[in-house]
Amino acid sequence: MKRIIFQCVGNTLLFTLMGLAFLFPFTDIIQDEYGFSGTVAIFPFLLIAHIILYPIVYKIAAKKLHWGRKANSELSYADEREKAITAESAKTAYKVFVGGLLTVVAAVGGFRFFSLAAGVDISIYAVTVVLLVLLLNVGMVSYCVKWCREYNR
Amino acid sequence: METLVNIVKELRTEKGISQNRLAELVGVTRQTIISLEKGSYIPSLLLAMRISEVLNTSIETIFTREKVK
């Protein structure tokens, strides 16, 4: 269970940093006829640091907490019961993702319509990134919660 | 509706085997043994056969069907 919580926290952090890195990649952007210039913000660096450090921290935790090689990756399982739990949790996450994606598409369309109708300048890119990151996090957390609940039954 | 009840806990304690040891012998995690003993997990036929071998008792004796309302 610790492994699943660890993976969930790691993934949630990854999705959030990814969202922030895509939303705020640069600061002090200056656009001219040749293109643009600016300073790279902190978030892309944090994202790269997470991508590099997370597998190392995970390996150390796996060794210390004896997670074993068999159940060392995403959606993996240590025995037949964990396999059933993983399948159930994946089903829950699938429902969240499919339902969520439909909602995101509708919401993006809604924002676009509102932007045109009200004459308000809304960044559809930013809205889409925020909604997708939220969906990824909600999907990941729902997978983790379902897994832990089934595991402790 | 029917469910499966078992006497794994009784047999295990009788034979002086810990949950950890039984889990190792049948190739599952300790949590699976805990769930199995609580009756909240119904094992596969393969796992049931392994448990039967380790506890040296027939499957029919370990696992019995019970009607639930």
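## Exercises on a predicted two-chain model

Between chain B and chain A, seven residue pairs are in polar contact, both partners having pLDDT of 80 or more. The model is a predicted one, and the exercises below work through its interface, its salt bridges and its aromatic pairs.

### Exercise 1. The interface

Describe the contact of chain B and chain A: how many residues does each chain give, how much area is buried, and which residues of chain B lose the most area to chain A?

**Solution.** Step one is to count the residues, and the contact takes twelve from chain B and eight from chain A. Step two is the area: the two chains bury about 830 Å² between them, with 42% of it on carbon and sulfur atoms. In chain B, the residues that lose the most area to chain A are B:T29, B:Q31 and B:Y41, which together account for 49% of what that side buries.

Step three turns to the kind of interaction, where the rule finds zero salt bridges across the interface of chain B and chain A, while seven residue pairs are in polar contact. Helix α3 of chain B (residues 30-38) supplies the largest share of the side of chain B that touches chain A, namely four residues. Sorted by class, that side of chain B has four nonpolar, seven polar and one charged residues.

### Exercise 2. Salt bridges between distant parts of a chain

For the pair A:R3 and A:E82 and the pair B:R65 and B:E2, state which elements are linked and whether the residues are buried or exposed.

**Solution.** Begin with the total, which is seven salt bridges over all chains. In one of them the side chains of A:R3 and A:E82 meet at 3.5 Å, N to O. Because A:R3 lies in helix α1 (residues 2-23) of chain A and A:E82 in helix α3 (residues 80-118) of chain A, this pair ties together parts that are 79 residues apart in sequence. As to accessibility, both A:R3 and A:E82 are buried.

In chain B, the side chains of B:R65 and B:E2 meet in a salt bridge at 3.6 Å, N to O. Here too distant parts of the chain are linked, with B:R65 in strand β2 (residues 63-67) of chain B and B:E2 in strand β1 (residues 2-6) of chain B, 63 residues apart. The accessibility follows from the cut-offs, under 20% for buried and over 50% for exposed: B:R65 has 64% relative accessibility and therefore counts as exposed, whereas B:E2, with a relative accessible area of 42%, is partly exposed.

### Exercise 3. Helix α4 of chain A

Work out which residues of helix α4 of chain A take part in a salt bridge and in a ring pair, and what A:S142 is in contact with beyond its neighbours within four places in sequence.

**Solution.** First, the side chains of A:E150 and A:K146 meet in a salt bridge at 3.5 Å, N to O. Both residues lie in helix α4 (residues 124-151) of chain A, four residues apart, about one turn of the helix. A:E150 counts as buried because its relative accessibility is 18%, while A:K146 stands at 24% and so counts as partly exposed. A network of salt bridges links A:K146, A:E150 and A:R153.

Second, A:W147 and A:Y151 also lie in helix α4 of chain A, four residues apart, again about one turn of the helix, and both of them are buried.

Third, A:S142 is found in helix α4 of chain A, where its relative accessible area of 17% makes it buried. Leaving aside its neighbours within four places in sequence, A:S142 is in contact with A:T92, A:A93 and A:V96.

### Exercise 4. Aromatic pairs

Find how many aromatic pairs there are over all chains, and classify the pair A:F24 and A:F43 by the angle between the planes.

**Solution.** The rule counts five aromatic pairs over all chains. For A:F24 and A:F43, the distance is 6.1 Å centre to centre and the angle between the planes is 45°, and the pair is tilted. This pair links distant parts of the chain, since A:F24 is in the loop between α1 and β1 (26-32) of chain A and A:F43 in helix α2 (residues 42-64) of chain A, 19 residues apart. A:F24, at 43% relative accessibility, counts as partly exposed, and A:F43 is partly exposed with a relative accessible area of 22%.

The rings of A:W147 and A:Y151 have their centres 5.1 Å apart and their planes at 20°, so this pair is stacked. To finish, ring pairs link A:F6, A:Y54 and A:Y58 into a cluster.

Definitions and conventions:
Residues numbered from 1 in each chain as written. Chains lettered and ligands numbered in written order. Predicted model: local features only at pLDDT ≥ 70, side-chain atom pairs only at ≥ 80, totals over all residues. Heavy atoms only, no water. Salt bridge = Lys/Arg side-chain N within 4 Å of Asp/Glu carboxyl O. Helix = DSSP H or I, 4+ residues; strand = E, 2+ residues; numbered from the N terminus. Buried < 20%, exposed > 50% of the residue type's maximum accessible area, 1.4 Å probe, protein only. Contact = heavy atoms within 4.5 Å. Buried area = accessible area lost by both parts, 1.4 Å probe. Polar contact = N/O pair within 3.5 Å; in protein donor to acceptor, adjacent residues only side chain to side chain. Nonpolar A, V, L, I, M, F, W, Y, C, P; charged D, E, K, R; others polar. Phe/Tyr/Trp six-rings, centres within 6.5 Å; stacked < 30°, edge-to-face > 60°.
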